[in-house]
Amino acid sequence: MARKPRSEMIAETRAKLVASARKAFGTVGYAEASMDDFTAEAGLTRGALYHHFGDKKGLLKAVIMQIDAEMSCRLNELSAKHPDPWQGFVDECVAYIEMALEPEIQRIMLQDGPAVLGDPFTWPNQPGCVRALTASLSRLAGEGLIDVEDPEAMARMINGASLHASLWIANAEDPSAVSKRAVAAFKQMLEGLRTARKRD
């Protein structure tokens, strides 16, 4: 049987380690997850982990980037299928906040991630979030649906508010109750962007 190309073998090794680590981080948390346990589950050695990710922290970064990419796909699909561009944008923003109730996202992205990797606003995925929001706001402004003079500045405000809301929910004693409060306040805030004729 022909050997797989090296690039394919590397991709498979990385994928196995990320999948195994993601399962461990999502169930027992970063602190309790054993490198030996998830390398064994992946059928690999610690050497493979160090080679591809540097250390456990590097593996957490890879897991977070994978989850973030999946979240983005889900949100894009949600907004794209709505016939009303404004409502699609609102639904996308609200869905992002409500994802803080999902156990895996809550634990890995919003609890362990900030504790281990520091301020989420410095993570490598943030520029992409701001760019996507800026593009959405520019499009809505171009269609006359919102009054926004500086789409990038407003994107950064919305990004900050939604991330802060998610962190509030994930670390609350009653996440479900806090989510309802956060979503209601967020919707009220977004409503202020709409043009006067659209609010009437």
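These legends walk through several close-up views of a predicted model.

**View 1. The whole chain, a protein built from helices.** Before zooming in, here is the overall picture. The secondary structure comes to ten helices and zero strands, so reading from the N terminus you meet α-α-α-α-α-α-α-α-α-α. The C-alpha trace spans about 65 × 45 × 25 Å along its principal axes. There are 200 residues in the protein, and 44% of them count as buried. Now take the contacts with a separation of 6 or more: residues 24 or more positions apart account for 68% of these.

**View 2. Helix α4 and the helices it packs against.** This helix runs over residues 56-80. With 25 residues, α4 reaches 36 Å from its first C-alpha to its last, close to the 36 Å expected at 1.5 Å a residue. Which residues of α4 are buried? They are K56, G58, L59, L60, A62, V63, I64, I67, D68, M71, L75 and S79. Follow those buried residues outwards and you find them packing against α1 (6-27), α2 (35-41), α3 (46-53), α5 and α6.

**View 3. The largest nonpolar core, with F38 picked out.** This core has 56 residues, and F25, F38, W86, F89, I158 and L190 are the ones that touch the most other members. Helix α4 turns up again here, giving the core its largest share, eight residues. Zoom in on F38 and leave aside its neighbours within four places in sequence: F38 is then in contact with S20, A21, A24, F25, A33, L49, K56 and L59. Two of these contacts, K56 and L59, are also on the list of buried residues of α4.

**View 4. The largest pocket and its lining.** How many residues line the largest pocket? The lining counts 38 residues, and L75, E92, C129, A132 and L133 lie nearest the centre of the pocket. The volume is about 730 Å³. At least two lining residues each come from α4, α5 (85-98), α6 (103-117), α7 (126-142) and α8 (151-170). Helix α7 gives the largest share, nine residues. Sort the lining by class and you get 22 nonpolar, twelve polar and four charged residues. One residue to look for is L75, which is among those nearest the pocket centre and is also one of the buried residues of α4.

**View 5. N171, in the loop between α8 and α9.** Look for N171 in the loop that sits between α8 and α9 (175-191). Not counting residues up to four places away in sequence, N171 touches L110 and Q111. Another residue to find in this view is Q106: its C-alpha atom is 8.3 Å from that of N171, although 65 residues separate the two along the chain.

**View 6. V178, a residue of helix α9.** The place of V178 is in α9. Is V178 buried or exposed? V178 counts as buried because its relative accessible area is 9%, below the 20% cut-off. Setting aside residues up to four places away in sequence, V178 touches W168, I169 and A172. From V178 to A165 is 13 residues in sequence and 8.8 Å in space, C-alpha to C-alpha.

**View 7. Y50, a residue of helix α3.** Here the close-up moves to α3, where Y50 is found. Y50 counts as partly exposed, because its relative accessibility is 36% and that falls between the 20% and 50% cut-offs. Leaving aside neighbours within four places in sequence, Y50 is in contact with M35 and D55. The C-alpha atoms of Y50 and E8 are separated by 19 Å, and the two residues are 42 apart along the chain.

Note on methods. Residues numbered from 1 in each chain as written. Predicted model: local features only at pLDDT ≥ 70, side-chain atom pairs only at ≥ 80, totals over all residues. Heavy atoms only, no water. 1 Å grid on protein atoms, 1.4 Å probe; cavity = no way out; pocket = protein on both sides within 12 Å on 5 of 7 lines; lining within 4 Å. Points joined across faces, edges and corners; volume = space filled by probe spheres on them. Helix = DSSP H or I, 4+ residues; strand = E, 2+ residues; numbered from the N terminus. Nonpolar A, V, L, I, M, F, W, Y, C, P; charged D, E, K, R; others polar. Core = buried A, V, L, I, M, F, W, Y, C linked by side-chain atoms within 4.5 Å. Buried < 20%, exposed > 50% of the residue type's maximum accessible area, 1.4 Å probe, protein only. Contact = heavy atoms within 4.5 Å. Expected span 1.5 Å × (residues − 1).
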